[in-house]
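Morning, everyone. Please bring up the model on your screens. I'll keep this short.

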Amino acid sequence: MTTIRQRRVGKGTEAAEDQPSEETNVKPDGKIPSGHTGGKLWNILSITVGGIVAISLGLLTSVYVATLHENDLWFSNIKEVEREISFRTECGLYYSYYKQMIQAASIQQGLHGLVYDNKTESVRTINILERMNVYQEVFLSILYRILPIQQYLEPVYFYIYTLFGLQAVYVIALYVTSWLLSGTWLSGVLAACWYITNRVDTTRVEFTIPLRENWALPFFAVQIAAITYLLRAHLQPAQERLTLLVVFIATFLFSLTWQFNQFMMLIQALALFILDCLDMLPTAKVTWLYIIQISGLLLVCVLQFFNSMILGSLLISFNTSVLIARTIQKNLKKGGLLNRLGKLILHALLVLCMTLLINKCIKKILNLESDEHIFKFLKAKFGFGATRDFDANLYLCEEAFGLLPLNTFSRLSATLLFYIYLFVLLLLAVAAVIVAFRNLRHFNITLFISLLSGSNQVQLMEKMEECTITLKPDAAYSLVHTVLFGCLALSTMRMKYLWTSHMCVFASFGLCSTEVWKLLLKCVHLYTSQRAQVIKYSVPIITLVYISYKFWPGIMDELSELREFYDPDTVELMNWIKSNTPSTAVFAGSMQLLAGVKLCTGRTLTNHPHYEDKNLRERTKQIYQIYARRSAEAVHGILSSFGTDYVILEDSICYERRHRRGCRLRDLLDVANGHIMDGVGENEPDLKPSLYPRFCEEIKKNLPSYTTHFTRVFQNKTFHVYKLAKHK
């Protein structure tokens, strides 16, 4: 079991394309003050300073997480095998393909080994590039081979420094998004500071480096920044085309680097759909975004050798349905309130039905079952009937897939982030409801004003300017985005990183936005332009001072704390495997451990943690019978069918106490096999006692019925390795 020990030291309008220009009289935020030449110089100076601050904060974040990683593990001092073991579970599996490409005789041979891989799953040849999102490892390994850096930088450092460098891109993208929304780079500074001080809840890159989300989320943040800029009014055609290109590239890279991209972009597409229906975004731009999502995903599909899971994604079905439904219902945004509400309800139902129909047809044609475990999990999670499905329960019992813990909000509140986020969310949600209702009423105020006399027109226009609540398209998108991803995070803890990072952006934007303070001050009849400007800058600065005063000492203490990697049992196991087993040997065991076996020893596996394949899921359930109540003959037969030479048993699984009863791996297997569970507690009435004892316990007694099939060849405090007898 891996442990860490102390180191021994030796704004504002509706979403119409013709909305009025933004204010042009602000100071350190990149907007042009009055005075033409002076205004341009001030604008250039402000953008330059803001850009330098953005890059500086991004680089500081990168250095910060890299230092934490070094301090936690003493990475520079530990052995290569210990470095590799530190890439736990699926992280180790992904990194193994980078290592494989580096060690290949040539790039062509390395690629051939990935396309025709027979070591990841025994007795099967699979295409790693089709099955998994590892193009980033391929690209990085090729880059390492062709650059003249081998003498100065080890492959592992080139890999981890790239990931830490992407954190700089991530923070800069969050900074720019907040700057674009608020109009001042002070907002970006606040967003970046919140991201850093809430690191526990905004990223986990320092201890899960190769995880797919650590590659993907920086590109997702860049995409959101580009969408925020795209939704501005009065963009020149060249600016719009360039922004669309950036959105496409970021969407493509996000899709290429994470297998769950389709579900994240489905939520994004749903946000666009809601805002388009409420006439809060320009329809033409929304259409482009739908097309970009589809085209980016299809390009990834081609690169992944026409991966059927991508073709059967709900995102492609949903976006296609929206585009078709829009052509059918051409007058969706015309008519009175009730008329429009009826049309929108019909439109939503049409899109829903078409999405389900298209998706079902695609899956039927392709015989697609790769993602069925996700829908089984969601069905069980949200209470649509109990399930004994092993795969669904495996997810349900993991803390990462449970509800977001309440202590998360305590940590976020300590930096004032959560309080300010709720304040901005409430204010903009009320504004959004008012704007949406006004859009649905479709009242032609311009025609009404034109019927009045000249003096009355001026008075009415001034009165309306004072009273009308508005919401810019980019702010509207950010609002719905944070609400939807907040719902996702609340339901599934692992997805909180998509929400908390945007929470930093949303809260900082609200605190530094003229429109937000203008709206609030008007509500209490205290609005003046000067007062709004003073509050816009003073409140964020006070917040930054508070955060610095309270958290700077803690960050310094954290950076000074030195620990080291310590997992002697796993190191001993890996060294034994490398020294005492043939290079062609096949190993069975838990998914998490086997990923490390492949990385550290290069041996062939029976199963692994990349779970998006039905055959692999069925295989894993069979392999896991080593922790169930099965006979020695039955377990030997199962393992032999997968070509197993050695099986590794872990005491931490066999005698597991981490999960409650009913969620231990042995309990999930017992229930799936129809057997009653261990320990005191209730069992479902149709479960029966097993005829056999638990295999992982009984095999250690060296009874003849077990030694006939298995011979123990290695043992330490954590692991037991048995060699399978080869029967004719």
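**A sheet, a buried valine and a surface patch**

Let's start with one strand pair: S3, residues 586–588, and S5, residues 646–650, run parallel and are joined over two bridges. Keep in mind that this is a predicted model. In that pair, Ala588 sits opposite Val647 of S5.

What packs on the sheet here? Helix H27, residues 568–580. H27 touches S3, S5, S6 and S7, the last being residues 719–724. The directions of H27 and S7 make an angle of about 25 degrees.

Now the whole sheet. It is open, with five strands in the order S4-S3-S5-S7-S6. The pairing is mixed. Which strands are at the edges? Strand S4, 604–605, and strand S6, 710–715. Each of these pairs on one side only. As a reminder, strands of a sheet pair through backbone hydrogen bonds, in either a parallel or an antiparallel way.

Next, Val322. Find it in helix H15, residues 314–328. Is Val322 buried or exposed? Buried, because its relative accessibility is 1%, and the cut-off for buried is under 20%. Leaving out residues up to four places away in sequence, Val322 touches Phe273, Tyr290 and Val351. Look at Met354 too. Met354 is 32 residues from Val322 along the chain, yet their C-alpha atoms are 8.6 Å apart.

Last stop, the surface. Leu242, Leu245, Val246 and Ile249 make up a nonpolar patch there. Together they have about 340 Å² of accessible area. Take Val246, in helix H11, residues 237–257. Val246 has a relative accessible area of 34%, so it counts as partly exposed.

That's my tour. Over to you.

Technical notes:
Residues are numbered from 1 along each chain as its sequence is written. This is a predicted model: local features need pLDDT of at least 70, side-chain atom pairs count only at pLDDT 80 or more; totals for chains, interfaces and linings use all residues. Side-chain values use heavy atoms; hydrogens and water are left out. Two strands pair if DSSP finds at least two bridges between them. Helices (H or I, at least four residues) and strands (E, at least two) are DSSP runs, numbered from the N terminus. Contact means heavy atoms within 4.5 Å. Axes are lines fitted to C-alpha atoms, for helices over the stretch in contact, and angles run from 0 to 180 degrees between N-to-C directions. Buried means under 20% relative accessible area, exposed over 50%, partly exposed in between (1.4 Å probe, protein chains only). Patches are made of residues with over 30% relative accessible area and no salt bridge: like charges are joined within 9 Å, nonpolar side chains (Val, Leu, Ile, Met, Phe, Trp, Tyr) within 5 Å. Accessible areas come from the Shrake-Rupley method with a 1.4 Å probe; for residues, only the protein chains shown count as cover. A salt bridge is a side-chain nitrogen of Lys or Arg within 4 Å of a carboxyl oxygen of Asp or Glu.
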